[in-house]
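Student: I have a model open and a list of labels for it. Can we go through what each label rests on?
Tutor: Yes. Bring the labels, and we will set values against cut-offs.

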Amino acid sequence: MQHDVSHNEFQRAQQLIPGGVNSPARAFGGVGGEPPFIERGSGAYLYDVDGNKLLDYVGSWGPHILGHRHPAVIEAIQQTLARGTSFGAPTVQESELAELVIDAVPSIEQVRMVNSGTEATMSAIRLARGFTGRDKIIKFSGCYHGHVDSLLVQAGSAALTLGTPSSPGIPAGCTADTLSLEYNDTQQLAEVFAAQGSEIACVILEPVVGNMGVVAPSTEFLQTLRQLCDEHGALLIFDEVMTGFRVAYGGAQERFGMRPDLTTLGKIIGGGMPVGAYGGRADVMKSISPTGPVYQAGTLSGNPMAMACGIATLRTLKETDPYAELERKTKRLVAGLSKAAGKADVPHTVPHVGSMFTLFFNAEPVTNYTVSSRNDTERFARYFWGMLDRGFYLPCSQFEANFVSVCHTDEDIDATIAAAGESIAAAVE
Ligand code: PLP
């Protein structure tokens with residue numbers, strides 16, 4: 001496989017942009033080596049600047065559940081473009097996307113559009129603090145909620161340890177009120193609420209984790225979360241930036257029959273454009289400016305291009321209801337990967353929820369960050385490069401979710417399994 005053009009472009013980009021990338025994961029730090037530069041996408045495939053065709057399991061890190069350049073999405077963008085790109089004034093399209101979100105997501109009564117998942121979680125936390133008049137927040141190790149100061153707390157921090165910022169530039173004061181607990185640990189959660197419940201504004205979590213690899217919540221964990229938040233007057237925030245419209249049309253909360261107080265969204269609701277949103281109980285949402293005192297704003301929020309892309313994506317998902325078929329294909333792939341790893345005698349587990357999955361190189365069931373961090377990342381890197389050399393574009397870290405789109409065919413899946421068999425066997429040495 002040729003990489004010369006990508007190599008040259010990466011050299012150039014590194015002179016101009018820190019690390020050559022506008023978001024760090026793209027620099028391939030988790031696997032070493034250099035990333036291909038992408039020229040275009042079509043359906044389930046990416047084409048790089050060297051002319052390589054790659055079967056894509058990243059989907060722009062989640063948004064492309066319909067694949068690249070879905071005709072309905074492209075048409076919506078083209079029609080909107082003819083009318084202008086941004087007005088900074090209300091448009092009908094903002095209400096249309098809000099209506100689609102409210103109809104789909106059981107707990108959302110009102111919703112506010114922003115420009116990224118990070119903005120959505122940052123705003124939801126501020127709202128929860130403003131509404132409750134409390135400062136402390138609970139998050140879980142290994143859950144990523146964007147690069148919000150108060151949420152960038154060292155993953156894996158010990159029980160009850162007050163948050164330590166995981167990046168220079170975040171004053172200790174920003175994370176002093178962030179408690180980082182172990183995912184799926186119901187007892188620890190109960191102990192923290194027993195000790196500090198009256199000070200806790202909210203609990204935020206990924207209701208299916210994608211950011212330490214795919215980790216599912218236990219039913220007990222979810223139910224305890226709801227119960228403890230109710231008992232202590234804290235708000236429960238589901239960060240569905242990744243899971244919204246992914247693990248079910250109505251997100252993880254539809255799938256698990258849960259009702260959080262607030263929900264954050266992103267990725268799929270923008271269909272590939274920069275969009276985030278946060279929504280939930282109307283009485284809570286009314287605390288946001290201009291109806292309430294909690295300030296939040298955005299020059300490009302509700303941007304017509306982004307709204308059009310989101311509306312076309314959600315309408316297509318609603319009309320075509322691809323979720324059962326996505327899950328069937330993902331199960332086929334996961335079973336094949338598991339068989340391939342078993343044949344090579346490599347310890348592994350391949351959890352999946354809906355069309356999200358991760359091949360972990362560790363046989364232990366992954367329930368939290370402590371287990372996830374025990375993975376063989378060097379073996380993963382060898383596997384990753386084996387797959388890329390064979391034309392399969394996977395997330396460039398062990399601790400990420402892979403995504404199946406409606407465009408992946410059974411033939412694509414079977415080809416992936418065959419390539420994985422070779423790559424896993426080669427990664428043993
Ligand atoms: N929340 C979750 C669960 C995410 O996976 C991400 C990004 O991957 C974010 C929030 C942040 O979203 P963004 O990168 O759009 O700021």
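**Labels and what they rest on**

Tutor: Start with two helices. Helix 3 and helix 10 pack with their axes 9 Å apart, at an angle of about 35°. Their crossing is left-handed. Keep in mind that this is a predicted model.

Student: Which residues of helix 3 and helix 10 meet?
Tutor: On helix 3 they are Gln93, Glu94, Glu96, Leu97, Leu100 and Ala104. On helix 10 they are Pro304, Met307, Ala308, Gly310, Ile311, Leu314 and Arg315.

Student: Why is helix 2 called roughly antiparallel to helix 10?
Tutor: The axes of helix 2 (residues 71–81) and helix 10 (residues 304–320) cross at roughly 150°. The label roughly antiparallel needs an angle over 145 degrees. So helix 2 counts as roughly antiparallel to helix 10. The two axes come within 8 Å, and the crossing is right-handed.

Student: What makes the contact between helix 2 and helix 10?
Tutor: Helix 2 brings Ala72, Val73, Ala76, Ile77, Thr80 and Leu81. From helix 10 come Pro304, Met305, Ala308, Cys309, Ile311, Ala312, Thr313 and Thr316.

Student: Now the sheet. What is the strand order in the open sheet of seven strands?
Tutor: The order is 4-10-9-8-7-5-6, and the pairing is mixed.

Student: Why are strand 4 and strand 6 said to stand at the edges?
Tutor: Strand 4 (110–114) and strand 6 (178–181) each have a single partner strand, so one side of each has no neighbour in the sheet. From one strand to the next, the twist averages 20°.

Student: How do you know that strand 7 and strand 8 pair?
Tutor: Count bridges. Pairing needs at least two. Strand 7 (residues 200–205) and strand 8 (residues 235–239) have four, in the parallel sense. One bridge sets Leu205 against Phe238 in strand 8.

Student: Which helices lie across strand 4?
Tutor: Helix 3 (residues 92–104) lies across strand 4, strand 9 (262–265) and strand 10 (276–280), at about 125° to strand 4. Helix 4 (residues 117–132) lies across strand 4, strand 5, strand 7, strand 8, strand 9 and strand 10. Helix 4 runs at about 165° to strand 9.

Student: What makes strand 3 and strand 13 a pair?
Tutor: Two bridges join strand 3 to strand 13 (residues 392–393), and the strands run parallel. The cut-off is at least two bridges, so the pair qualifies. Asp56 stands opposite Tyr393 in strand 13.

Student: In which sense does strand 2 pair with strand 3, and with strand 1?
Tutor: Strand 2 (residues 45–48) and strand 3 (residues 53–56) pair in the antiparallel sense over three bridges. Strand 1 (residues 38–42) and strand 2 pair in the antiparallel sense over four. Leu46 has Leu54 as bridge partner in strand 3, and Gly41 stands opposite Leu46. On strand 2, Leu46 and Asp48 form the covered face, while Tyr45 and Tyr47 form the uncovered one.

Student: Which residue takes a positive phi in each hairpin?
Tutor: Gly51 does so in the hairpin of strand 2 and strand 3, near 85°. In the hairpin of strand 1 and strand 2, Gly43 does so near 60°.

Student: Why is Ser60 called partly exposed?
Tutor: Ser60 has 16 C-beta neighbours inside 10 Å. Buried needs 20 or more, exposed 12 or fewer. Ser60 falls in between, so it counts as partly exposed. Its phi is near 60°, positive in a residue other than glycine.

Student: How do you know that Arg69 is partly exposed?
Tutor: Arg69 has 14 other C-beta atoms within 10 Å, between the cut-offs of 12 and 20. Arg69 also has a positive phi, about 55°, although it is not a glycine. Arg69 is in the loop between strand 3 and helix 2, as is Ser60.

Student: What makes the bond from Ser289 to Pro290 cis?
Tutor: Its omega is near 10°. Pro290 is in the loop between helix 9 (282–285) and helix 10.

Student: Last one. Why is the chain called as compact as a globular protein of its length?
Tutor: Its radius of gyration is 21 Å. The globule rule gives 22 Å for 429 residues. The two values are close, so the label holds. The chain has 14 helices and 14 strands, and 49% of its residues count as buried.

Key
Residues are numbered from 1 along each chain as its sequence is written. This is a predicted model: local features need pLDDT of at least 70, side-chain atom pairs count only at pLDDT 80 or more; totals for chains, interfaces and linings use all residues. Axes are lines fitted to C-alpha atoms, for helices over the stretch in contact, and angles run from 0 to 180 degrees between N-to-C directions. Two residues are in contact if their C-beta atoms, placed from the backbone, lie within 7 Å. The radius of gyration is taken over C-alpha atoms; the globule rule is 2.2 Å times the number of residues to the power 0.38. Angles under 35 degrees count as roughly parallel, over 145 as roughly antiparallel, 65 to 115 as roughly perpendicular and the rest as oblique. A crossing is left-handed if the near helix is turned anticlockwise from the far one by less than a right angle, and right-handed if clockwise.
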